[in-house]
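This report walks through one protein chain, beginning with its overall make-up and moving on to its sheet, its empty spaces and a few backbone details. Please keep the sequence and the model in view while reading.

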Amino acid sequence: MDPTHISEKRRRLMQGAAAGLAVATVGGGNAAEGAAGGGMAQGGLRDPRAGYPRPPFPEQTQQWPGLAAKMTPKPDHGEQSYRGSGRLAGRKALVTGGDSGIGRAAAIAFAREGADVAICYLPAEAIDADEVVRVIEAAGRKAVRLPGDIRDERFCQQLVASAVRELGGLDIVVNNAGRQQSHDSILDISTEQFDWTFKTNVYAMFWITKAAVPHLPPGAAIINTSSVNATDPSENLLDYAATKACITNFTKGLAKQLASKGIRVNAVAPGPFWTPLQVSGGQTMEKLKAFGSDTPMQRPGQPGEIAPLYVDLASAEATYVTGQVFGASGGKGNP
């Protein structure tokens, strides 16, 4: 047979196999054409100004910690639009706050990319968590439920141990769970509230990371969720903004420390994103109704729109990326 013909036949076979792999890793059923969110939606170009909820938003409030299922409009975590391509095949991830918001979007994207995922959440968030588990399992990946309160050091240690046991190892850690409460004055922030915010946002990150590091192999990735508030603090989020500055600094220092072990540490710094944090005390009603309107995009981001950043930072392609903070803020804010 002509060698040229053999080469062409092999090329076509390889193209077909690649196409099959892309289809196999999609998961989650058919995508809605033009659905909001999802960094790998079909169709090539997508106008970021169109097809996403915009303010004014209806008045709404929920008890802390809030549920995505009860929000109006409901956040888009990429359930119908995120397309995987096997970038995290065989990986094992732990995501705190994985029931809703940005954590949920990251968990879904990881699963669609081929990873097994353990999600941590408060027991009050079980309704949202059950939906995430359904989506992860529909993608053909293992989902592990790990409910509990990360303000407790012992629970954080147990959380990591359980994730390692249930997943058969661990190589992605996403410290994402957070507490955000709006206060117009420092005089309105009690020591108990200040402690609650720091325990959730900073102490838990420290405890979970410390417990995880001995289990992480070279090539593993730690991704922390910071905020534009780390560098441009909102006047009504004094304690929350301070914790996000801590997270950014912790990320940069730890990255230097763990580089010798082949473990990368980065952070994502979101701007305004439509999550339960906002409707469960994170914003005043006035700010909530206009949420995201002060960005150049004139809208908040949907969680599914930031998930690709977490995938990129977790993937093996980002081997030289560590100690960095990546923003997504609709054109406003730092970094």
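Two residues are said to be in contact when they have heavy atoms within 4.5 Å of each other. With that in mind, residues 24 or more positions apart account for 79% of the contacts in the chain with a separation of 6 or more. The model discussed here is a predicted one. Its chain contains nine helices and seven strands, and of its 335 residues 51% are buried.

**The sheet**

Strands of a sheet pair through backbone hydrogen bonds, and they may do so in a parallel or an antiparallel way. In this chain seven strands make up an open sheet with parallel pairing, and their order across the sheet is β3-β2-β1-β4-β5-β6-β7. The edges are formed by β3 (143-147) and β7 (325-328), each of which pairs on one side only. On average, and with direction ignored, neighbouring strands of this sheet are turned by 15° against each other.

Strand β4 (residues 172-175) is a good place to follow the pairing in detail. Towards β1 (residues 92-96), β4 pairs in the parallel sense over three bridges, and here A93 stands opposite I172, while V95 stands opposite V174. Strand β4 is also joined to β5, with which it runs parallel, by four bridges, and V173 has I222 of β5 as its bridge partner.

Which residues of β4 point one way, and which the other way? I172 and V174 point one way, V173 and N175 point the other way, and all of them are buried. This fits a general pattern, since in a regular strand the side chains alternate between the two faces of the sheet.

Helices pack on this sheet as well. Helix α4 (residues 153-167) touches β1, β2 (116-121) and β3, and its direction makes about 165° with that of β3. Helix α9 packs on the sheet too, touching β4, β5 (221-225), β6 (264-270) and β7, with a direction that makes about 170° with that of β6.

**Empty spaces**

Rolling a probe the size of a water molecule over the atoms shows where empty space is left. The structure holds one cavity of 30 Å³ or more, and the space in this largest cavity comes to about 80 Å³. Among the 14 residues that line the largest cavity, N175, N176, A177, N201 and M205 are the closest to its centre. The elements that give two or more residues to this lining are α5, β5 and α6 (238-258), and α5 supplies the largest share, five residues. N175, which was met above as a buried residue of β4, is thus met again here, among the residues closest to the centre of the largest cavity.

The second largest pocket holds about 220 Å³ of space. Its lining consists of 14 residues, and F273, E305, A328, S329 and G330 lie nearest its centre. The largest share of this lining, four residues, comes from helix α9 (residues 303-314). The table sets out the make-up of the two linings.

| Lining | Nonpolar | Polar | Charged |
|---|---|---|---|
| Largest cavity | six residues | seven residues | one residue |
| Second largest pocket | nine residues | three residues | two residues |

**A residue of helix α5**

T197 lies in helix α5 (residues 191-212). Is T197 buried or exposed? Buried means under 20% relative accessible area, and T197 counts as buried because its relative accessibility is 2%. Leaving aside residues up to four places away in sequence, T197 touches R179, V202, D239, Y240 and T243.

**Backbone details**

Most residues other than glycine have a negative phi, and most peptide bonds are trans. Against this background, three places in the chain deserve attention. The peptide bond from W64 to P65 is cis, with omega near 10°, and the bond from T72 to P73 is cis as well, with omega near -5°. P65 is found in the loop between α1 (3-24) and β1, and P73 is likewise found in the loop between α1 and β1. Q298, a residue other than glycine, has a positive phi, near 60°, and its place is in the loop between α8 (285-289) and α9.

Technical notes
Residues numbered from 1 in each chain as written. Predicted model: local features only at pLDDT ≥ 70, side-chain atom pairs only at ≥ 80, totals over all residues. Heavy atoms only, no water. 1 Å grid on protein atoms, 1.4 Å probe; cavity = no way out; pocket = protein on both sides within 12 Å on 5 of 7 lines; lining within 4 Å. Points joined across faces, edges and corners; volume = space filled by probe spheres on them. Nonpolar A, V, L, I, M, F, W, Y, C, P; charged D, E, K, R; others polar. Pairing = 2+ DSSP bridges. Axes fitted to C-alpha atoms, helices over the stretch in contact; angles between N-to-C directions. Buried < 20%, exposed > 50% of the residue type's maximum accessible area, 1.4 Å probe, protein only.
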